[in-house]
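This report walks through one protein structure, moving from its strands to its ligand and then to a few single residues. Please keep the sequence and the picture at hand while reading.

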Amino acid sequence: MKAIITTPGTKGSVRLGAISEPSGTGMVQGADGKPGAEVEVEVVEVGVCGTDLEIANDGYGAPPEARDSLVLGHENLGRVVSVPDGVDLKTGQLVVATVRRPCPERCPPCAAGQSDDCLTGNYTERGIKGRDGYMAERYMESGDYLIPLPSTLTKVGVLMEPSSIVEKGLIQAFSIQRGRMPWEPKQALVCGAGAVGLLAAIFLRLRDLEVNLVAKADPGSPAYKVAQAVGASLLDATEHPVSKLGQELGHIDIIFEATGASSVAMDAIAATGHNGVCCLSSVTAGTRTLTVDADSLNLDMVLGNKLVFGTVNANRRHFEAAARMLGAAVRKWPGVMEQIVTRRVAAEQFADAFTRQPDDIKTVITFSGG
Ligand code: BGC
């Protein structure tokens, strides 16, 4: 069957190849780490994100053990083709699979079903690290890692994985903040107008915050149209650098950083208001260095009770929460969430999907299950 494959570490090696059918491998493990019942899923579509581009171009990612190639793709949407006895899913059900699988050591978070918080770092991630991804016609997975979706999310279900990342960050930001002080946030800043930034703006609007979105994007771009449609205020990063936004906007209660640029992440920390929280979500696999105004950054963090935390990946609970948020957004702003998927390309045209175009928000590769 068709699959989009790369050799991590070899730039320009992304290709459309043929891999064997996934059936009856006996390799699928359940959340308890034991070989489990295998659900077969036909892939509908898979999103391409910054991490896929980092794997393709910048040496991020790793193939499965004893191999040099990796099937790409983690932002998946599929339909169940066959279900073994004892698994509560039906044929034809729309599903999305989680990305990370527990470490072999079963560290405490992995053992508790929170491999997104794995302590050993020996977790695997489908399509990223040590495990084939979803850019193939079919895959097998344990029902433990499959999240059923209602048919109302058919057109936007491919946004589930980035939505889970955003929703995890926001759930954590709110629960940590409310654990440490009375906290009634009013103003949010989101850095970056890619899919993650837009979803963060949308999920913050659903929480009734005033949302400012700062990005390097053309005011006529699809990203800006989506942001406007949900009532976020748009700031051009060239005229409104994040480093100045703390003063310009007044008190910022929560910042969600999703630009993919570590320098912006440092500015976001500094721009966070007193008693505020800054959630960092950019995966920056490069080696950039930067000089920071360390004394004043530290002083303001201390005197301002500021909280900065990083967040990565998401477990089943966050995917389920993300499905509720996506559903709420689809109901509140009809026709808007669909605009986040700006291009759909067939697997045969995969190269187009890996080449960014100026108006892209989310490019999606379609497979036969569509
Ligand atoms: C994915 C996460 C993953 C992270 C680090 C992100 O692009 O969405 O699922 O944990 O990369 O590999």
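## Parallel strands and their crossovers

Strand β16 and strand β17, which spans residues 307-310, run parallel and are joined by four bridges. Within this pairing, Cys 279 has Phe 309 of β17 as its bridge partner. To get from β16 to β17 the chain passes through helix α8, residues 294-303, and this β-α-β crossover is right-handed. It should be said early that this is a predicted model, and the descriptions here should be read with that in mind.

Strand β16 also pairs with β15, residues 254-257: these two strands run parallel and are connected by four bridges. One of the residue pairs here is Ile 254 with Val 277, its bridge partner in β16. Together with helix α7, residues 262-271, the strands β15 and β16 form a right-handed β-α-β unit.

## The two faces of β16

What covers a strand can be examined one face at a time. Strand β16 comprises residues 277-280, and both of its faces are covered. On one side Val 277 and Cys 279 are buried, and on the other side Cys 278 and Leu 280 are buried as well. Two of these residues have already appeared as bridge partners, since Val 277 pairs with Ile 254 and Cys 279 pairs with Phe 309.

## Antiparallel pairings

Elsewhere, three strands form an open sheet in the order β2-β1-β4, and their pairing is antiparallel. Strands β2 (15-18) and β4 (70-71) stand at the edges with a single partner strand each, so one side of each has no neighbour in the sheet. Strand β1, residues 2-6, is joined to β4 by two bridges in the antiparallel sense, and Thr 6 has Leu 70 as its bridge partner in β4.

Another antiparallel pairing joins β3 to strand β5, residues 75-82, over seven bridges; here Glu 40 has Ser 82 of β5 as its bridge partner. Strand β5 in turn pairs with strand β6, residues 94-97, in the antiparallel sense over two bridges, and in this pairing Gly 78 stands opposite Val 95 of β6.

## The surroundings of the ligand

Which residues are closest to the ligand? The ligand is surrounded by 13 residues, and the closest are Thr 51, Tyr 60, Glu 125, Glu 161 and Asn 313. By chemical character, the residues of this shell divide into seven nonpolar, three polar and three charged.

Several side chains place an N or O atom close enough to an oxygen atom of the ligand for the distance to be listed. A polar side-chain atom of Glu 161 lies 2.8 Å from a ligand oxygen atom, the corresponding distance for the side chain of Asn 313 is 2.9 Å, and for the side chain of His 74 it is 3.5 Å. On its own the ligand has 320 Å² of accessible area, and the protein covers 92% of this area.

## Asparagines with a positive phi

Asn 313, one of the residues closest to the ligand, lies in the loop between β17 and α9 (316-332). Its phi is near 60°, a positive value in a residue other than glycine. Asn 313 counts as buried because its relative accessible area is 5%, which is under the 20% limit for that term.

Asn 275, which is located in the loop between α7 and β16, also has a positive phi, of about 60°, although it is not a glycine. Is Asn 275 buried or partly exposed? With a relative accessible area of 30%, Asn 275 is partly exposed.

## Buried residues in loops

Lys 306 is found in the loop between α8 and β17 and is buried, with a relative accessible area of 8%. Its side chain makes a polar contact of 2.9 Å with the side chain of Asp 300.

Val 28 lies in the loop between β2 and β3 (38-48), and this residue is buried with a relative accessible area of 8%. Gly 127, in the loop between β8 (124-126) and β9 (130-131), is buried with a relative accessible area of 0%.

Notes:
Residues numbered from 1 in each chain as written. Predicted model: local features only at pLDDT ≥ 70, side-chain atom pairs only at ≥ 80, totals over all residues. Heavy atoms only, no water. Buried < 20%, exposed > 50% of the residue type's maximum accessible area, 1.4 Å probe, protein only. Pairing = 2+ DSSP bridges. Right-handed = clockwise from strand over helix to strand, strands pointing away. Near = heavy atom within 4 Å. Polar contact = N/O pair within 3.5 Å; in protein donor to acceptor, adjacent residues only side chain to side chain. Areas by Shrake-Rupley, 256 points an atom, 1.4 Å probe, with all protein chains shown as cover. Nonpolar A, V, L, I, M, F, W, Y, C, P; charged D, E, K, R; others polar.
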